[in-house]
Amino acid sequence: MSSTWHERTANTLGARLGTWYALLFLGSSLALVVVTYVLLASSLAQRDRDLIRSTLVGYAGQFQQGGLPALENAISNDQAAARHERLFVRVSSGGQEVVFYNLPGEWSEFDLSPLDRPGPRTGIWWTDIPRHGTSEVLEVASTYLADGTLLQVGKSSETRVEMLARFRNVLAVAIVLVVVAGAVGGALLTRSTMQPLRQLAGVVQTILQTGRFEARVPVQGTRDALDQLGALFNAMLDRIASLVAGMRGSLDNVAHDLRTPMTRLRAIAERALESRADDPQVYRDALADCLEESERVSEMLNTLMDISEAETGVMRLASEPVDATDILRDARELYADVAEDKGVELTLDAPDGPVVMADRSRLRQVLANLIDNAVKYTPRGGHVALRARLAGDDVVFEVADDGPGIPAEDLPRIFDRLYRGDRSRSERGLGLGLSLVRAIVQAHHGRVEVTSAPDHGATFTLYLPSGRQS
Ligand code: ADP
């Protein structure tokens with residue numbers, strides 16, 4: 001996987017985003033321009049028509065009141081006052097004879113013959129006369145007056161066409177500017193949007209190249225989707241890094257811890273081989289020792305793996321509601337024979353049956369380790385008490401004995417892997433039981449405490465979250 005892959009992906013995505021952004025920008029700007037243009041053109045056309053119509057109605061009134069002189073007077077008054085643009089006015093008698101004609105010079109190119117066609121006797125009708133070779137038209141409104149005189153008022157669209165042409169030029173320039181702004185804006189926006197993804201890809205690449213989990217994605221704290229992705233990615237890297245470190249540490253520990261029993265195994269085998277004894281019993285004994293030692297190694301390996309799994313958080317815990325009294329009763333039954341053989345009294349005091357959320361078999365393993373120790377280290381005639389109670393949000397288990405207790409100097413170390421008290425060496429054991437107890441209890445988000453005074457026994461107390469809402 002080369003660096004170009006990430007770059008190519010980011011660039012392709014960036015180019016696609018940029019193009020879409022620019023197209024969207026251009027499309028919406030064009031739509032806006034077209035709508036504005038159409039609205040402007042139609043409102044200008046409407047304005048012209050309104051002017052023609054109102055002038056026609058005004059002149060008709062003048063003509064009705066004072067005849068042709070009054071109309072001429074009104075027209076010259078309008079022109080003198082420059083009240084509006086110059087208008088075309090034509091008055092024809094009933095026999096189509098033009099009696100008054102006001103045609104601004106610049107409009108002389110219009111072919112006015114369509115105006116001679118008669119129209120409806122009442123109301124206003126419109127005639128559009130195109131100017132040859134241009135898009136201009138002369139819009140003329142016509143109406144018959146009461147005495148049959150035909151009054152026609154018109155206006156050329158020239159001014160409007162020129163205005164719209166200027167407006168089109170302005171719009172064309174504006175669109176070019178909009179396209180440039182859209183393309184630049186799109187490029188900048190895409191760049192800043194793609195930045196977090198580019199950084200993410202960079203971090204992945206660094207990790208792939210170096211094999212180390214130290215690189216992190218810069219997080220701005222803006223809480224947008226990409227920022228959250230970066231934060232989650234960092235959290236995932238933290239988790240992976242701690243798991244990998246835990247696994248490495250566990251592997252180192254296991255390798256280190258297995259060295260002694262493996263050396264012992266090898267020594268037994270070597271001694272037997274070097275003895276060159278004729279007696280097969282010597283070899284048989286050596287093989288039996290090897291078998292015993294290898295069983296210890298395998299037990300140790302299993303326990304070490306359990307401890308590692310629990311400590312690194314990869315141990316699968318099938319949590320379920322567990323009745324504390326029930327599980328203590330089962331554990332007591334399991335150790336009843338061993339305790340009886342040894343002459344140790346094993347009692348149970350868990351009356352109210354609190355319920356704890358825990359992995360049943362792992363909790364059983366924890367209690368078994370503590371009870372096994374208590375029975376193992378308590379001399380004949382001693383007493384081991386099992387208790388359970390509810391204390392706040394915790395279910396508390398206690399395994400208390402009245403044995404020799406644990407020397408003060410040993411107390412801080414008994415939970416260390418492979419640590420065994422001096423006085424305990426005569427008893428069977430691997431020195432891993434309490435480490436496993438602590439790792440499993442912590443994996444359940446609980447804690448384990450020990451109190452002890454020499455010759456006054458030891459009490460191990462587990463605090464496990466009950467899992468109920470208080
Ligand atoms: P192991 O019992 O195999 O030696 P553990 O991890 O279970 O290993 O215990 C570590 C040490 O703690 C023991 O070697 C012993 O010295 C001390 N210990 C544990 N439980 C008791 C107890 N109930 N009474 C006295 N000492 C104990």
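Guide: A polar contact is a pair of N or O atoms within 3.5 Å, and that cut-off is the one to keep in mind for the ligand in this predicted model.

Visitor: What makes the approach of Gly431 to the ligand a polar contact?

Guide: A backbone N or O atom of Gly431 lies 2.9 Å from an oxygen atom of the ligand, and because the limit is 3.5 Å, the pair qualifies. The protein buries 96% of the 530 Å² that the ligand exposes when taken alone.

Visitor: How do you know that Leu430 and Arg420 also make polar contacts with the ligand?

Guide: For Leu430, a backbone N or O atom is 3.1 Å from a ligand oxygen, whereas for Arg420 an N or O atom of the side chain is 2.6 Å from an oxygen atom of the ligand. Both values fall within 3.5 Å, so both pairs count.

Visitor: Which residues around the ligand come nearest, and what makes a residue count as near?

Guide: A residue is near if one of its heavy atoms lies within 4 Å of the ligand. The shell around the ligand has 19 residues, of which Asn373, Tyr377, Arg420, Ser424 and Gly431 come nearest. By class, this shell holds 9 nonpolar, 7 polar and 3 charged residues. Helix 6 (360–377) and helix 7 (433–443) each supply at least two of the shell residues, and helix 6 gives the largest share, with 4 residues.

Visitor: Why is the space taken by the ligand called a pocket?

Guide: The space taken by the ligand is the largest pocket, and it is called a pocket because its set of grid points is open, with protein on both sides within 12 Å along at least five of seven lines. The volume of the largest pocket is about 1,000 Å³. Its lining comprises 37 residues, with Asn373, Lys376, Tyr377, Arg428 and Gly429 nearest its centre. Helix 4 (280–312), helix 6, helix 7 and strand 12 (458–465) each give two or more residues to that lining, and the largest share, 8 residues, comes from helix 6.

Visitor: Why is the space lined by Ser250, Asn253 and Arg417, among others, called a cavity instead?

Guide: In a cavity a 1.4 Å probe fits but cannot get out, so the term applies to this enclosed set of points, the second largest cavity. Its volume is about 40 Å³, which means that it passes the cut-off of 30 Å³ used in counting the 2 cavities of the structure. Helix 4 gives the most to its lining, with 4 residues.

Methods. Residues numbered from 1 in each chain as written. Predicted model: local features only at pLDDT ≥ 70, side-chain atom pairs only at ≥ 80, totals over all residues. Heavy atoms only, no water. Polar contact = N/O pair within 3.5 Å; in protein donor to acceptor, adjacent residues only side chain to side chain. Areas by Shrake-Rupley, 256 points an atom, 1.4 Å probe, with all protein chains shown as cover. 1 Å grid on protein atoms, 1.4 Å probe; cavity = no way out; pocket = protein on both sides within 12 Å on 5 of 7 lines; lining within 4 Å. Sits in = over half its atoms within 2 Å of the grid points. Nonpolar A, V, L, I, M, F, W, Y, C, P; charged D, E, K, R; others polar.
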